[in-house]
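Work through the exercises below with the sequence and the model at hand. Each task is followed by its solution in steps.

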Amino acid sequence: MGQSASTSAISSGSSRRGSNHHHCSRSESMAQISSMQVEENAHFQQINEKFDYTSDLPDECLACIFQSLGSGDRKQCSLVCWRWLRIEGQTRHRLSLNANADLLTVVPSLFSRFDAVTKLALKCDRRSVSIDDDALILISHRCRNITRLKLRACRELTDFGMGVFAKNCKGLKKLSCGSCTFGAKGMSAVLDNCSALEELSVKRLRGITDGSTVEPIGPGVAASSLKTICLKEQYNGQCFWPLIIGAKNLRTLKLFRCSGDCDKLLQVIANRTTSMVEIHLERLQVSDLGLVAISHFSNLEVLHLVKTSECTNAGLVSVAERCKLMRKLHIDGWKANRIGDEGLSAVAKCCPNLQELVLIGVNPTKLSLEMLAANCQNLERLALCASDTVGDPEISCIAAKCLALKKLCIKSCPVSDQGMRALACGCPNLVKVKVKKCRAVTYEGADGLRTSRESLAVNLDTGETEHQDASASDGGAQENAVELPPLVGLNGAGAANIASSSSGRSNSLKARLGLLTGWNVVTCTLRRWAGSHSSSRGS
């Protein structure tokens, strides 16, 4: 027994020695491998530090790469090395700057680096002092290849500075200015020197104070090149009438809240040009006489009539009968009830290429909607807002006959869940439905539509306000906004539609967070009440 015990002790000791030897040899091998890895990594690091693999790439290849990156990534790339900094600056064609007065001191160094800029935006905060003529003139000397210029709230610029800029940058093609203080002379200087100017957008040009004493603004050398003119909130808009009349090849005219008799303006334009394809009119002094003049533009494709209360069915019939290429029609009737079935029926008869129709404050009935569905077989986008006559029968008519419809928006209309059930069975190409402030439409109705059409994105906003609680302090009472994304099926169509409805989901998330915040506040309040009640009982 003693011998066996000693034998076992010897064998166990030898096994421990063998295992220790094995572990030692293994640790030594691991140490050798790790040391080799460290040496190898150091070797490769030394190689990487000494050799720049991008040095073999031509500057043109790096330029193409930079042009496909976003602004933030381009800034990061410019910090890699001096070569990348130079190439990134030479290939940047678009630049947006904070146009404070301090910009003057950095203009030379800034445009020495960005010497290929063609699109420049100068935006100043309304509370700050903007750049003056000296800065704009210096920019025009350092960057003569500008083709697009945007000025926002540059209140220190005068007619003199705009005149010098126009003489130095004669290749300007697009000018957009808003809330600036230069006047008619500065605008005329641009039109007299920039013969390639194609697009002009002016909003609240404060330098024109009295339209009776200011000289009219003519097209100058840009008479043949101007294709788009947009005037917004220009209360002396009649000063721009000679410019609009003199633009020989004008294709797009947008007038928003401008003073002046637009009927006479449109009549004169109709006698001078036939190239107009797009017209936007909002809150203007325009009547059926102006619409009759618009009807002379036989190539007109887009027409927006927003809050033009003097326009009636008669004017819209004139436009429809002669502008048969109409693709987009937006009408905001301002609930004046002057445009209805008569005008819309004429559009249905004469404009078979209509693809987009937006009706706000207009009361169409089933009669005109049936004609639109039957004759405008390319109608893809339809919006019906603030209409007292669009109910479930009208929605059922749309669902049954608008076979090409892809997007439908219904807002503040007497529609219920019955209309949602009709949409579930019709409009085979429908991909998105937005229902807002239709109180008879419930979440169950929208959910049923979404369940029956898995590839359909449904956005429901009931417009009902929550009871005010602590969450309302962040911005008032919130609306019930629920996004019903399509279910993800076996195919990938559902995922694509979910991505398109991300904005509605964010509204839903905000609403849910507001409810959770309110519930937390209520819970804490109840706890405090319970604690105070128990303490009072204990005392």
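**Exercise 1.** Find which residues lie nearest the centre of the largest cavity in this predicted model, and describe the lining by class.

Solution.
- Step 1. Searching the whole structure gives two cavities of 30 Å³ or more.
- Step 2. The largest cavity holds about 80 Å³ of space.
- Step 3. Its lining consists of 13 residues, and Thr308, Cys311, Asp332, Gly333 and Ile339 are those nearest the centre.
- Step 4. Sorted by class, this lining has six nonpolar, five polar and two charged residues.

**Exercise 2.** Name the residues that line the second largest cavity, and state which helix gives the largest share.

Solution.
- Step 1. The space in the second largest cavity is about 30 Å³.
- Step 2. The lining is made by Leu357, Leu369, Leu372, Ala373, Leu379, Leu382, Ile398 and Cys402.
- Step 3. Helix H14 (residues 366-375) supplies three residues, the largest share.
- Step 4. By class, the lining has eight nonpolar residues, with no polar and no charged ones.

**Exercise 3.** Explain why strand E7 (residues 252-256) is largely enclosed, and trace its links to E6 and E8.

Solution.
- Step 1. Buried means under 20% relative accessible area. Four of the five residues of E7 are buried, so the rest of the structure largely encloses this strand.
- Step 2. Strand E6 (residues 228-232) runs parallel to E7 and is joined to it by five bridges; isoleucine 229 is opposite leucine 253 in E7.
- Step 3. From E6 the chain passes through helix H9 (residues 241-246) to E7, a right-handed β-α-β crossover.
- Step 4. Five bridges also pair E7 with strand E8 (residues 278-282) in the parallel sense, and phenylalanine 256 is opposite glutamate 282 in E8.
- Step 5. With helix H10 (residues 262-272), E7 and E8 form a right-handed β-α-β unit.

Methods:
Residues are numbered from 1 along each chain as its sequence is written. This is a predicted model: local features need pLDDT of at least 70, side-chain atom pairs count only at pLDDT 80 or more; totals for chains, interfaces and linings use all residues. Side-chain values use heavy atoms; hydrogens and water are left out. Buried means under 20% relative accessible area, exposed over 50%, partly exposed in between (1.4 Å probe, protein chains only). Helices (H or I, at least four residues) and strands (E, at least two) are DSSP runs, numbered from the N terminus. Two strands pair if DSSP finds at least two bridges between them. A crossover is right-handed if, with the strands pointing away from the viewer, the path from the first strand over the helix to the second runs clockwise. On a 1 Å grid over the protein atoms alone, a cavity is a set of points where a 1.4 Å probe fits but cannot get out, and a pocket is an open set with protein on both sides within 12 Å along at least five of seven lines; lining residues have an atom within 4 Å of a point. Grid points are joined across faces, edges and corners, and a volume is the space filled by probe spheres set on the points. Ala, Val, Leu, Ile, Met, Phe, Trp, Tyr, Cys and Pro count as nonpolar, Asp, Glu, Lys and Arg as charged, and the others, Gly among them, as polar.
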